[in-house]
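Pull up the model and keep it open while you read. We'll go through a strand and its partners, then a helix, then a spot on the surface.

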Amino acid sequence: MPAESTTPIFGPAKTLEEQIERLELVFHNTNDSIVSINKDSKIVAVNKRTLETFGYESMSELVGERVEILMNETHSPHHARYIMDYIQGKRGNVVNNLRRLWARRKNGSVFPVDIHVADYRFGDELYFVAFLREMSNVSEFEDRVHLSLYYDQLTSLPNKEALSISLETALRAAESNRMRFLLMEMGIDQMRAINTTFGMEDGNNVIRLVGKRLEHALTPCDFFGRGNGDRFSALFEIRPGHSAAELAESIQDRIQDALSDPFEFGAARASITLTTGGVEVPMLTTTASTALRFADMAYFEAKASHRGEVYLLTEADVARVLQTASLVHKIRDALQMQEFFPVFQPKIDLATGRFAAAETLIRWRTEAGEMIPPSLFIPVAENADLIEGIGRFIFLESCAAIQEWKSDPILSQVKLAVNISPKQLDRENFVDFVERTLGSFDIPASALEFEITETTIANNPVKTLAAIEKLSELGISTSIDDFGTGHSSLSMLREVKASRAKVDRSFLTGVPEDEKSNLLLRNIINLMRDMDLAVTVEGVETEEVANYLRNLRCSEAQGFFFAKPMEKADFETFVQEHATTHKCAEQDEKADATAAR
């Protein structure tokens with residue numbers, strides 16, 4: 001203990017010597033360890049609490065030594081770089097931030113400290129002073145709470161809460177010091193297959209082992225931890241003069257090296273690959289929550305198109321996703337505001353040239369009068385689980401049109417084809433809903449045909465085939481849409497109770513000039529006819545193609561050559577005029593035949 005001083009602690013100092021004595025009294029009797037270093041990381045001063053806390057007997061053991069003598073091995077290798085970065089203007093998150101680190105005593109034991117670092121100048125020299133408070137006596141309860149909040153139980157790695165804190169700190173550093181960071185989200189490929197093959201316990205072992213290898217391979221980094229499920233997160237500073245792409249490539253090399261040896265767990269052995277997505281901050285965003293969301297976007301983009309590789313999110317990606325998000329909201333509003341409306345595209349009987357049926361399609365006209373093409377909003381609606389609402393709308397509009405046409409001798413003969421989405425078929429009560437709707441509108445089931453894509457049948461054959469059979473029992477015929485573009489087998493087609501196959505427009509490419517294209521289309525049409533399926537070919541745009549299909553004895557055709565999709569009033573006129581034209585043609589033919597006799 002220091003000798004007692006008669007100098008009063010409070011009140012103004014009368015002399016400079018008295019002021020210095022008072023400061024020394026505070027310096028040596030505070031509860032915090034105080035360590036001052038110069039720009040070369042050498043200790044220039046410590047207080048007595050530092051000696052007591054770190055187990056040293058005299059100041060001479062520390063003064064002149066590098067400050068790493070007080071640091072745990074985890075932190076000491078990076079200290080000199082932090083100091084150099086700070087001097088060069090890249091301030092980082094070391095100064096003026098409270099952090100918890102592991103310190104090292106003279107005997108080599110480590111213990112937790114809370115540390116706050118400040119900088120000061122004495123003359124022209126730059127110094128740093130650290131205030132450290134030992135946290136070894138923090139209650140066990142607080143430790144448990146801290147671990148449960150910020151560490152993952154399975155891997156003992158920091159969790160997403162800890163990542164959010166590190167990311168916010170990095171973004172503050174980026175804002176004040178023009179630093180750049182790369183946030184990476186990485187996931188184990190085929191994790192579901194691993195769990196299925198080896199079981200959940202071994203699956204968890206894989207996650208633990210991968211986490212250990214990655215933690216070792218990616219050190220040093222600003223953060224490494226576990227995200228959700230089989231995913232891990234890492235945060236790296238992008239050094240001046242380097243790009244995010246260069247850093248990402250370097251990290252990918254380290255990941256591949258770390259995972260090159262197969263993993264062994266129990267009697268099992270497996271090779272593991274990772275898919276990684278990355279986002280540069282603050283280039284694309286200045287908030288932690290958005291950065292995390294963008295990292296997810298990058299990861300899922302990598303999963304979709306760059307499996308086993310690393311993919312960096314671009315500004316174009318962000319713009320596209322934001323546009324999609326905006327479009328999702330607009331689709332929801334459009335359903336509420338009744339901005340969607342039906343159009344009807346005729347199908348023509350190729351043998352007679354008569355109107356045969358029509359397909360009900362959807363169009364979107366905004367309140368401002370802008371037409372949004374289906375090619376833009378249909379895929380978005382499918383991904384956002386809004387396609388069921390759109391499909392329901394078209395079905396109900398078709399039923400309403402059929403009901404309205406019941407009293408007309410010509411329009412009452414119209415049969416409407418309606419596209420049915422996989423989401424609609426997935427509903428347990430879909431067939432019941434259809435039956436109730438037919439009863440509500442009081443229309444015959446034979447006036448409807450449901451178009452179900454080949455891919456829908458292939459993805460869920462048992463449920464889809466059962467639904468088709470029930471619809472057939474109601475009297476609704478089924479057409480296999482987009483035939484030839486999916487993955488169904490011929491044996492499966494044999495089981496489908498469908499009456500028609502609709503050949504995708506892609507099979508008309510090269511027809512009739514290219515013989516291979518002709519052969520393919522001819523074989524498809526012959527095969528469908530052999531299976532007692534009528535055939536509709538969509539996308540017919542020229543008379544030459546129409547005549548070629550007629551020569552192949554194709555049943556129906558649909559396309560701009562015959563008629564574009566029309567709004568209801570125009571479609572009704574088309575059907576009426578078409579019926580009148582063909583009636584007149586029949587009468588002329590009969591008159592010619594009579595005159596000939």
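Which residue in S14 does Pro342 stand opposite? That would be Ile362. Keep in mind that this is a predicted model.

Pro342's partner sits in S14, which covers residues 355-365 and is joined to S13 by nine bridges, with the two strands running antiparallel. The pair makes a hairpin with five residues in between, and Gly353 in the turn has a positive phi of about 80°. S13 also pairs with S21, again antiparallel, through two bridges. Here are both pairings of S13 in one place:

| Partner strand | Residues | Bridges to S13 | Direction |
|---|---|---|---|
| S14 | 355-365 | nine | antiparallel |
| S21 | 556-558 | two | antiparallel |

On the S21 side, Ile348 stands opposite Ala557. S13 itself (residues 340-349) is mostly covered, with nine of its 10 residues buried.

Now for helix H7, residues 200-218. Its 19 residues reach 26 Å from first C-alpha to last, close to the 27 Å expected at 1.5 Å a residue. The buried residues in H7 are Gly203, Val206, Ile207, Val210, Gly211, Leu214, Ala217 and Leu218. They cover an arc of only 135° around the axis, so they end up on the same side of H7. Turned away from that buried side is a face carrying the exposed residues Glu201, Lys212 and His216.

Last stop, the surface: Val44, Tyr120 and Phe122 make a nonpolar patch of about 310 Å². Val44 belongs to strand S2, residues 43-46, and is partly exposed, with a relative accessible area of 36%.

Definitions and conventions
Residues numbered from 1 in each chain as written. Predicted model: local features only at pLDDT ≥ 70, side-chain atom pairs only at ≥ 80, totals over all residues. Heavy atoms only, no water. Buried < 20%, exposed > 50% of the residue type's maximum accessible area, 1.4 Å probe, protein only. Helix = DSSP H or I, 4+ residues; strand = E, 2+ residues; numbered from the N terminus. Pairing = 2+ DSSP bridges. Patch = residues over 30% accessible without salt bridge, like charges linked within 9 Å, V, L, I, M, F, W, Y side chains within 5 Å. Areas by Shrake-Rupley, 256 points an atom, 1.4 Å probe, with all protein chains shown as cover. Salt bridge = Lys/Arg side-chain N within 4 Å of Asp/Glu carboxyl O. Expected span 1.5 Å × (residues − 1). Arc of directions from axis to C-beta.
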